[in-house]
Amino acid sequence: MSARFPVIAVTGSSGAGTSTTSLSFRKIFQQLNLHSAEVEGDSFHRFTRAEMDQAIRKARDMGRHVSYFGPEANDFVLLEQTFAEYGRSGCGQSRKYLHTYDEAVPWNQLPGTFTPWQPLPQATNVLFYEGLHGGVVTADHDVAQHVDLLVGVVPIVNLEWIQKLVRDTSERSHSRAAVMESVLRSMDDYINFITPQFSRTHINFQRVPTVDTSNPFAAKSIPSQDESFVVIHFQNVGNIDFPYLLTMIQGSFISQINTIVVPGGKMGLAMELIMGPLVKRLIEGKKVAETVT
């Protein structure tokens with residue numbers, strides 16, 4: 001961790017709502033007049049889309065599974081080095097994974113490929129990461145130790161599958177059968193490398209739908225934010241003004257110690273109200289985490 005060059009990571013699987021969180025952080029950075037270096041989790045994939053397809057087929061032939069959730073398809077060493085280097089010097093490199101034709105055309109590349117590595121912007125105040133593995137820990141890697149503020153964004157699993165299904169069929173032209181096969185193939189890695197991160201975060205935002213999601217693979221649309229609540233859980237975070245949050249966020253309530261529930265449509269507001277003071281605290285060189293006894 002670094003007081004001079006703090007690292008903020010939002011971790012959660014694709015479609016979990018990390019983009020909403022990122023928008024809230026960008027607003028906070030603008031309000032505090034901070035310049036951020038942004039790093040995308042997908043840039044640490046090992047394979048292009050074509051190479052990943054080959055790796056999946058090869059693993060299947062050997063009776064194994066490969067997924068974007070696990071270490072075989074991601075460079076955890078480089079991710080940890082990137083966080084550590086920025087914390088020491090405020091420097092590093094980044095690139096983008098081009099998901100769609102719209103993203104790829106400006107680079108004159110194909111979807112499913114990477115842009116070249118480039119230096120991070122100079123004179124930044126904070127590194128901001130959004131991706132799958134901001135808090136990952138394995139026997140050989142400890143990415144979480146380099147993160148000063150770790151935020152988990154995780155809908156309940158049926159909702160997460162609905163979001164993946166709708167996104168991959170509508171935006172990426174995958175069949176429902178292919179999406180279901182991907183979910184099954186990824187399950188071991190999801191359990192071992194994704195879910196444990198949410199026990200290491202400082203704050204978790206979990207969206208819970210208030211409509212029936214019993215069969216996620218039959219769903220044709222994603223429940224809206226107004227059709228859900230967001231459970232916000234604080235872990236070893238000091239100086240959270242719960243009465244203030246209850247006053248500012250209409251319809252919110254306390255469900256457990258260190259847990260507040262807000263209407264889904266208020267998720268962005270809640271993030272700004274909660275994260276703003278925490279980011280300011282980081283920039284002032286104060287710790288976000290405090291041991292709860």
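A salt bridge is defined here as a side-chain nitrogen of Lys or Arg within 4 Å of a carboxyl oxygen of Asp or Glu. The legends below refer to a predicted model.

**Figure 1. Arg207, a buried arginine without a salt bridge.** Arg207 belongs to strand β9. Its nearest side chain of opposite charge is that of Glu227, 7.0 Å away; because the cut-off for a salt bridge is 4 Å, this pair does not qualify. The side chain of Arg207 instead reaches the backbone oxygen of Pro223 at 3.3 Å. Contacts of Arg207, not counting residues up to four places away in sequence, include Val154, Pro155, Ile156, Leu159 and Gln163, as well as Ile222, Ser224 and Gln225. Ser228, Phe229 and Val230 are also among the residues that Arg207 touches.

**Figure 2. Strand β10 and its two pairing partners, β9 and β12.** Strand β9 (residues 203-209) runs antiparallel to β10 and is joined to it by seven bridges. The pairing of β10 with β12 is likewise antiparallel, and comprises five bridges. Phe229 of β10 has Val208 opposite it, and Pro263 in β12 also stands opposite Phe229. In a regular strand the side chains alternate between the two faces of the sheet. In β10 (residues 228-234), the covered face consists of Ser228, Val230, Ile232 and Phe234, whereas Phe229, Val231 and His233 form the uncovered face.

**Figure 3. Salt bridges made by residues of strand β2.** A search of the whole structure yields six salt bridges. In one pair, the side chains of Glu38 and Arg26 meet with an N to O distance of 2.9 Å. Glu38 is in strand β2 (residues 36-40) and Arg26 in helix α1 (residues 18-31), so this salt bridge ties together parts that are twelve residues apart in sequence. Glu38 is partly exposed, with a relative accessible area of 37%, and Arg26 is partly exposed at 37% relative accessibility. In another pair, Lys96 forms a salt bridge with Glu40, with the closest N and O atoms 3.0 Å apart. This pair links distant parts of the chain, as Lys96 is in the loop between β3 (93-94) and β4 (97-98) and Glu40 is in strand β2, 56 residues apart. Lys96 has a relative accessible area of 39% and is partly exposed; Glu40, at 31%, is also partly exposed.

**Figure 4. A network of salt bridges linking Arg60, Glu181 and Arg185.** The side chains of Arg60 and Glu181 meet in a salt bridge with an N to O distance of 3.7 Å. Arg60 lies in helix α2 (residues 49-61) and Glu181 in helix α6 (residues 176-194), so the pair ties together parts that are 121 residues apart in sequence. Arg60 is partly exposed, with a relative accessible area of 46%, and Glu181 counts as partly exposed at 32%.

**Figure 5. Positive phi at Ala123 and Asn258.** Most residues other than glycine have a negative phi. Ala123, although not a glycine, has a positive phi of about 60°. Ala123 is in the loop between β6 (118-119) and β7 (126-131), and is exposed, with a relative accessible area of 70%. Asn258 is not a glycine either, and its phi is positive at about 65°. The loop between β11 (253-256) and β12 (259-263) contains Asn258, which is partly exposed at 29% relative accessibility.

**Figure 6. Confidence along the protein chain.** The chain averages a pLDDT of 89, and 95% of the residues score at least 70. Among its elements, strand β5 (residues 113-114) has the highest mean pLDDT, 97, and helix α5 (residues 157-170) the lowest, 82.

Definitions and conventions
Residues are numbered from 1 along each chain as its sequence is written. This is a predicted model: local features need pLDDT of at least 70, side-chain atom pairs count only at pLDDT 80 or more; totals for chains, interfaces and linings use all residues. Side-chain values use heavy atoms; hydrogens and water are left out. Helices (H or I, at least four residues) and strands (E, at least two) are DSSP runs, numbered from the N terminus. Buried means under 20% relative accessible area, exposed over 50%, partly exposed in between (1.4 Å probe, protein chains only). Two strands pair if DSSP finds at least two bridges between them. Lys and Arg count as positive and Asp and Glu as negative; His and the chain ends are not counted. A polar contact is a pair of N or O atoms within 3.5 Å; within protein, one must be able to donate a hydrogen and the other to accept it, and residues adjacent in sequence count only if both atoms are side-chain atoms. Contact means heavy atoms within 4.5 Å. pLDDT is the predictor's confidence in each residue, from 0 to 100.
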